[in-house]
Amino acid sequence: MPDGRIVFVRGAAPSDRIAVEITEVKKRFAKGKIIKRTPGDSAVEPFCTAFEECGGCPWQAIPIATQHVSLEAELARRVDRLQRYGKMDVAMGPIKRFSNRAWRSTARVHCRDGVVGFMGYKSHRVIGLETCPVLTPMVDRLFGALKSCVESLSVRTPFVARLTASLGKDSGTVAIDSKVSDKALVILAEALFQIGHVHGVHLGMPNRVVELGECSNMMDPGLAVYPAHGFVQAHQQGNRELVDHVVGLIGPDAAVLELFCGAGNFTFRLLEQGCRVHAIELDASSVERLKQRAAQLGFADQLSARVGNADTLGESLSADVLLVDPPRTGFKNIGAAAQAAGARLLVYVSCDLNTLFRDLENLVIEGWRLESLDGFDLFPHTGHLETVAVLVRSSA
């Protein structure tokens, strides 16, 4: 803007010439939307026909290498700001790259007024698609099956569905969640279960849950079993390297307190290398599958797992290492958890830079030293980044 304020817009690439309509003005910045764009030399053609409308993959017009340069610069800028709380030599490598097409092994889709698709950018409108280029072939088939059933049954009840492909199977699950109880959704679930590449359907409605078939998925590397409606890392190729990295940082035979453990994305690999793990997770179905799978694999003696809220532990749990993998909202009480555990090493896995650095700032103030920060591009064509931060106590 003429007064020096930065204007944030969606859909442009470096070197583009754009005309922007200002839609929102703040004290230090403004937001706008592109009304005319002339691609520059460094721009690439968006690969999705819904690029202008859909809320996903907003960086499609930016080359992958440029995306990573931008993310690495953002990490460095935030680390520099963190330095004001203490001098730290933070090791930072290049962002790890993975496939950026047909990578998503799970997807969250919406249905409103009979339209199945993804939410529009800054909109409550569902963008109906025939196919999505970032879904794996199996998830795209699940998407097509859901869309076909909704249309053939004329379902109008709004819902959100999680589609997940299962490792080693030519099938996957559909988990439907609705705030409205409607027999039409039960009929939809039954119709979906008749499709050959759907091995389980979970339907959650107020005061009623319907499950058909096997409502679980095995994910890479084939150890953890996830509930159909539970969280799964979408980029399984990238997740393999993420898990390898985190497990390598912790090392063998450690006593680990793992918070937000889910169904065991990191847990089983830690158990494989002789660690003793106390795992806590809020979702009861994930904990149940974690314990059952640990017993099947012969790890029951090394694992203590229970349902619990990491924000209100209210107990002392001794551990060498504290491993946390919280949701996008972060973990404000991480300092208290680290103190209660008496851990020498803290490994923080995050999918949101804002909440990560908010929590890192508090940890550094409380006497922790940030040693390394590694980025994993598990969300190609977006400004999101999976990040692993390693901290040690300053006195160590």
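Is Cys-57 buried or exposed? Select Cys-57 in the viewer: at a relative accessible area of 12%, Cys-57 is buried, because buried means under 20%. Keep in mind throughout that the model is predicted.

**Stop 1: around Cys-57**

With Cys-57 still selected, look at the chain on either side. Cys-57 belongs to the loop that runs between β3 (29–38) and α1 (64–82). Its phi is near 50°, which is a positive value in a residue other than glycine.

**Stop 2: the whole chain**

Now zoom out and show the chain as a cartoon. The secondary structure comes to 8 helices and 20 strands. Along its principal axes, the C-alpha trace spans about 60 × 60 × 35 Å. The radius of gyration is 22 Å, which agrees with the value near 21 Å that a compact globule of 396 residues would have.

Switch to a surface view. The accessible surface comes to about 18300 Å², and 51% of this belongs to carbon and sulfur atoms. Of the 396 residues, 52% are buried. Among contacts with a separation of 6 or more, 60% are between residues 24 or more positions apart.

Colour the surface by charge. There are 44 positive and 44 negative charges, and the mean positions of these two sets are 5 Å apart.

**Stop 3: the open sheet**

Return to the cartoon and find an open sheet of 8 strands. The order across the sheet is β4-β19-β20-β18-β17-β14-β15-β16, and the pairing is mixed. At the edges are β4 (91–92) and β16 (303–307), each of which pairs on one side only.

Select residues 345–350, which form strand β18. How many of the 6 residues of β18 are buried? The count is 6 of 6, so the strand is mostly covered by the cut-off of under 20% relative accessible area.

Show the side chains of β18. In a regular strand, side chains alternate between the two faces of the sheet. Leu-345, Val-347 and Val-349 point one way from β18, while Leu-346, Tyr-348 and Ser-350 point the other way. The residues of both sets are all buried.

Next, add β17 (residues 321–324) to the selection. Strands β17 and β18 run parallel and are joined by 4 bridges. To see one position in this pairing, pick Leu-322, which stands opposite Leu-346 in β18.

Move along to the edge at β16. Strand β15 (residues 276–281) runs parallel to β16, with 5 bridges between them. Here His-278 stands opposite Ser-304 in β16.

**Stop 4: Thr-267 and Asp-253**

Select Thr-267, which is found in helix α5 (residues 267–272). Its relative accessible area is 0%, so Thr-267 is buried. Which residues does Thr-267 touch, not counting those up to four places away in sequence? They are Glu-258, Cys-261, Val-277, Leu-290 and Leu-303.

Then select Asp-253, in the loop between α4 (236–250) and β14 (255–259). Asp-253 has a relative accessibility of 51% and counts as exposed, because exposed means over 50%. Although Asp-253 is not a glycine, its phi is positive, at about 65°.

**Stop 5: the hairpin of β10 and β11**

Show residues 198–205, strand β10, together with residues 208–213, strand β11. These strands run antiparallel and are joined by 6 bridges. Met-205 stands opposite Arg-208 in β11. The hairpin has 2 residues between the strands, and Asn-207 takes a positive phi near 65°.

Now pick His-202 in β10. His-202 has a relative accessible area of 10% and is buried. Leaving aside neighbours within four places in sequence, the contacts of His-202 include Val-209, Val-210 and Glu-211. Others on its list are Val-174, Ala-175, Ile-176, Cys-215, Ala-228 and His-229.

**Stop 6: Val-109**

Finish at Val-109, in strand β5 (residues 106–112). At 1% relative accessibility, Val-109 counts as buried. What surrounds Val-109, residues up to four places away in sequence not counted? Val-109 touches Val-116, Gly-117, Phe-118, Phe-143, Leu-146, Phe-159, Val-160, Ala-161 and Leu-163.

As a last step, draw a distance from Val-109 to Phe-266, using their C-alpha atoms. The two residues are 157 residues apart along the chain, and these atoms are separated by 26 Å.

Terms used: Residues are numbered from 1 along each chain as its sequence is written. This is a predicted model: local features need pLDDT of at least 70, side-chain atom pairs count only at pLDDT 80 or more; totals for chains, interfaces and linings use all residues. Side-chain values use heavy atoms; hydrogens and water are left out. Buried means under 20% relative accessible area, exposed over 50%, partly exposed in between (1.4 Å probe, protein chains only). Contact means heavy atoms within 4.5 Å. The radius of gyration is taken over C-alpha atoms; the globule rule is 2.2 Å times the number of residues to the power 0.38. Accessible areas come from the Shrake-Rupley method with a 1.4 Å probe; for residues, only the protein chains shown count as cover. Lys and Arg count as positive and Asp and Glu as negative; His and the chain ends are not counted. The place of a charge is taken as NZ of Lys, CZ of Arg, CG of Asp or CD of Glu. Two strands pair if DSSP finds at least two bridges between them.
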